[in-house]
Amino acid sequence: AFDKLGKVYIEKKQLKNFDACVYIGGSLFMENPSDSRDEIKLRLETDYFYSHNKPYLILSSNFGPFKSGDYVKRYGEIFKKCTDVSFRDKYSYELFSNISSVRYAPDAVFSYPLPSVSKKSGTFGISVIDLRGRGELSAKWNDYLKAVCASIVLEANAGRAVTLFGFCEREGDFDTVNEVILTLDRNIAEKVKAVYYTGDMNEFISEYLSMERTVCSRFHAMLLSYMADQPFFPVVYSKKMLNIINDLNLCQNYADLNSDTLPSIFIPEKSQSNNGISKQPLGIFHEMDKLVNTLLT
């Protein structure tokens, strides 16, 4: 987003065209000591809106991973100049809870109106992730690949139709789907379906929600399964997944890729009730709604 809007920071005269700014995203604030461009651009933008008494909102994000306290301190100064900062996990919120504009609200995906989809009996879906190039997690790639394949073999031999889901091409999900299929024995691989997100969100989500059971290597795959009451098994690749699991008590069993050992197979557990969280007004867009109403009157 910053790359596409970079000129907004350079051409300050363009900012005069905006009465407010709403920045919606997930993992927006990850420390990268070798590249501070995002931080610099965000500071320039928030400084401008604050100095011109214009609202600036950051919605449904989490903070981190980070290594330095100074990084947290610097962003605290940025958040103080924002009208509203909504974190989707309590861990991030507690880092900045002393700032009046900072609050906690569950992930924005819970406000998404899920399409009405009937689950297909005897189906099993896996959302995959590419661990190669993800720092220390890359060492778990082979074990992860084996566990995914073992899970597919188990489900296929039980007579279930298996579908692999690639949520994000840019981050290597599509390559992982292909790698899994190439690793499987041909007689199993021929039974596996691949579904990729290529822009049609409703079609992709509908296909995913039709699964009877799921293994979730993607953050939002986990949340979708939770919302849809699918029996699911998360494969945790980051602290943001753990934080949400703990905040909402999503499930009891999961695999943590950051731990020393990884299960040899992933088995979805019975889904826990989502307590109607996806049907409740969660307050994520409360301040934005107020802002829009103000601007329209």
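# A tour from strand β10 outward

Start at Val 235, which stands opposite Ala 255 in β11. What you have open is a predicted model. Val 235 belongs to one face of strand β10, together with Phe 233. Select β11 next to β10: the two strands run parallel and are joined by two bridges. To get from β10 to β11, follow the chain through helix α11, residues 239-248. This β-α-β crossover is right-handed.

**Strand β10 and its other neighbour**

Select residues 232-236, which make up β10. Are these residues buried or exposed? Five of the five are buried. Colour the two faces separately: Phe 232, Pro 234 and Val 236 lie on one side, Phe 233 and Val 235 on the other, and both faces are covered.

Now add strand β9, residues 213-216, which is parallel to β10 and joined to it by three bridges. To find the place, look for Cys 216, which stands opposite Pro 234 in β10. Show helix α10, residues 219-227, as well: β9, α10 and β10 form a right-handed β-α-β unit.

**The nonpolar cores**

Select Tyr 144, Ile 152, Met 222, Leu 250 and Phe 266. These are the residues with the most contacts inside the largest nonpolar core, which has 58 residues. Which helix gives this core its largest share? Helix α6, residues 141-157, does, with eight residues. Nonpolar side chains in soluble globular proteins tend to be buried together.

Centre the view on Tyr 144. Apart from neighbours within four places in sequence, its contacts include Val 128, Ile 129, Leu 131, Leu 257, Leu 262 and Phe 266. Val 235, where the tour began, is also in contact with Tyr 144.

There is also a second, separate core, of 20 residues. Select Leu 42, Ile 58, Phe 63 and Phe 87, which are among its members.

**Strand β4**

Phe 87 leads to strand β4, where it is the bridge partner of Ser 61. Three bridges join β4 to strand β3, residues 56-63, and the two run parallel. Between them the chain passes through helix α4, residues 69-79, in a right-handed β-α-β crossover.

Look at the two sides of β4. Asp 84 and Ser 86 are on one, Val 85 and Phe 87 on the other, and all of these are buried. Then select strand β5, residues 102-104, which pairs with β4 in the parallel sense over three bridges. Val 85 stands opposite Val 102 in β5. With α5 shown too, β4, α5 and β5 make another right-handed β-α-β unit.

**A buried charge**

Select Asp 89, in the loop between β4 (84-87) and α5 (90-95). Asp 89 is buried but has no salt bridge. How far away is the nearest side chain of opposite charge? That side chain is Arg 88, at 5.7 Å; a salt bridge needs the nitrogen and oxygen within 4 Å. Leaving out neighbours within four places in sequence, Asp 89 is in contact with Ser 61, Asn 62, Tyr 104, Asn 243, Ile 244 and Asp 247.

**Salt bridges**

Side chains of opposite charge can pair when their charged atoms come close. The model has 17 salt bridges.

Select Glu 39, which is buried, with a relative accessible area of 9%. Glu 39 and Arg 43 meet in a salt bridge of 3.9 Å, N to O. They are about one helical turn apart because they are four residues apart in helix α3 (residues 37-51). Arg 43 counts as partly exposed, at 27% relative accessibility.

Glu 39 also forms a salt bridge with Arg 74, with the closest N and O atoms 2.6 Å apart. This pair links distant parts of the chain: Glu 39 is in helix α3 and Arg 74 in helix α4, 35 residues apart. Arg 74 counts as partly exposed.

Move to Asp 130, which is buried at 10% relative accessibility. Asp 130 forms a salt bridge with Arg 132, the closest N and O atoms being 2.9 Å apart. After that, select Arg 134, Arg 170, Glu 171, Asp 173 and Arg 218, which salt bridges with shared partners join into one network.

**Last stop: Thr 261**

Finish at Thr 261, in the loop between β11 (255-256) and α12 (286-296). Is Thr 261 buried or exposed? Thr 261 counts as exposed because its relative accessibility is 61%. Draw a distance from its C-alpha atom to that of Asp 143: the two are separated by 9.2 Å, although the residues are 118 apart along the chain.

Terms used:
Residues numbered from 1 in each chain as written. Predicted model: local features only at pLDDT ≥ 70, side-chain atom pairs only at ≥ 80, totals over all residues. Heavy atoms only, no water. Buried < 20%, exposed > 50% of the residue type's maximum accessible area, 1.4 Å probe, protein only. Lys, Arg positive; Asp, Glu negative; His and termini not counted. Contact = heavy atoms within 4.5 Å. Pairing = 2+ DSSP bridges. Right-handed = clockwise from strand over helix to strand, strands pointing away. Core = buried A, V, L, I, M, F, W, Y, C linked by side-chain atoms within 4.5 Å.
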